[in-house]
Amino acid sequence: MKRLEKSIGIATAAWMRIAPPHLQSCARVETLRGGTLTLAVDGSAAAFEVDRALRSGMEASLRMAIPGLMRVRTRGGGGTAD
């Protein structure tokens with residue numbers, strides 16, 4: 001349990017350090033399992049913005065900041081966007 005809390009804490013700290021403020025307000029770290037970081041987003045528009053930022057280099061920055069991270073995905077209230 002402590003290991004899970006530590007990895008979520010590291011992921012959250014990295015997200016808060018790397019993501020721009022407008023993305024921090026609409027997305028948050030939900031889980032980190034098996035090398036996949038899941039971000040909960042407020043809606044489809046937010047998912048689009050986060051996905052675009054991830055493809056533009058933010059995912060690479062998160063990979064460098066979070067040990068063992070292989071993939072970042074987003075999950076909105078109505079469904080899943082990868």
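Helices (H or I, at least four residues) and strands (E, at least two) are taken here as DSSP runs, numbered from the N terminus. The structure is a predicted model, in which local features need pLDDT of at least 70 and side-chain atom pairs count only at pLDDT 80 or more, whereas totals for chains, interfaces and linings use all residues. Residues are numbered from 1 along each chain as its sequence is written, and side-chain values use heavy atoms, with hydrogens and water left out.

The overall layout comes first. The chain has three helices and four strands, and their order along the sequence gives the pattern α-α-β-β-α-β-β. Of its 82 residues, 38% count as buried, where buried means under 20% relative accessible area, exposed over 50%, and partly exposed in between (1.4 Å probe, protein chains only). The chain exposes about 5,000 Å², and carbon and sulfur atoms supply 55% of that area; accessible areas come from the Shrake-Rupley method with a 1.4 Å probe, and for residues only the protein chains shown count as cover. With contact defined as heavy atoms within 4.5 Å, residues 24 or more positions apart account for 52% of the contacts with a separation of 6 or more.

Strands E1 and E2 offer a good place to start looking. They run antiparallel and are joined by six bridges; for two strands to count as paired, DSSP must find at least two bridges between them. One pairing is that of Arg28, whose bridge partner in E2 is Ala40. E1 and E2 form a hairpin with two residues between them, and Gly34 in the turn has a positive phi of about 55°.

Turning to the interior, the largest nonpolar core has 22 residues, and those with the most contacts inside it are Trp15, Leu23, Leu37, Val50, Met58, Leu62 and Ile66. The elements that give two or more residues to this core are helix H1 (2-18), E1, strand E2 (36-41) and H3, with H3 giving the most, seven residues. A nonpolar core is a set of buried Ala, Val, Leu, Ile, Met, Phe, Trp, Tyr and Cys residues joined through side-chain atoms within 4.5 Å. Val50 shows what such a position touches: leaving aside neighbours within four places in sequence, Val50 is in contact with Trp15, Leu23, Ala27, Leu39, Val41, Met58 and Thr74.

Leu69 is worth a look too. Leu69 sits in the loop between H3 and E3, yet this residue is buried, with a relative accessible area of 8%. Not counting residues up to four places away in sequence, Leu69 touches Leu32, Gly35, Thr36, Leu37, Leu62 and Arg63. Among these partners is Leu37, which is 32 residues from Leu69 in sequence and 7.0 Å from it in space, C-alpha to C-alpha.

Charged side chains complete the picture. Side chains of opposite charge can pair when their charged atoms come close. The structure holds three salt bridges, a salt bridge being a side-chain nitrogen of Lys or Arg within 4 Å of a carboxyl oxygen of Asp or Glu. Arg75 forms one of them with Glu30, and the closest N and O atoms are 2.5 Å apart. Arg75 lies in strand E3 (residues 71-75) and Glu30 in strand E1 (residues 27-33), so this pair ties together parts that are 45 residues apart in sequence. Arg75 is partly exposed at a relative accessible area of 32%, and Glu30 is partly exposed at 30%.

The other salt bridges can be followed along H3. Arg52 and Glu49 meet at 3.0 Å, N to O; these residues are three apart in helix H3 (residues 44-65), a separation of about one helical turn. Arg52 counts as partly exposed at 40% relative accessibility, as does Glu49 at 29%. Arg63 and Glu59 meet at 3.1 Å, N to O, and, being four residues apart in helix H3, they are also separated by about one helical turn. Here Arg63 is partly exposed at 41% relative accessibility, whereas Glu59 is buried at 17%.

Glu59 has further partners. A polar atom of the Glu59 side chain lies 3.3 Å from the backbone nitrogen of Val72. Neighbours within four places in sequence aside, the line-up of residues in contact with Glu59 is Leu54, Met70, Arg71 and Val72.

Definitions and conventions. Polar contact = N/O pair within 3.5 Å; in protein donor to acceptor, adjacent residues only side chain to side chain.
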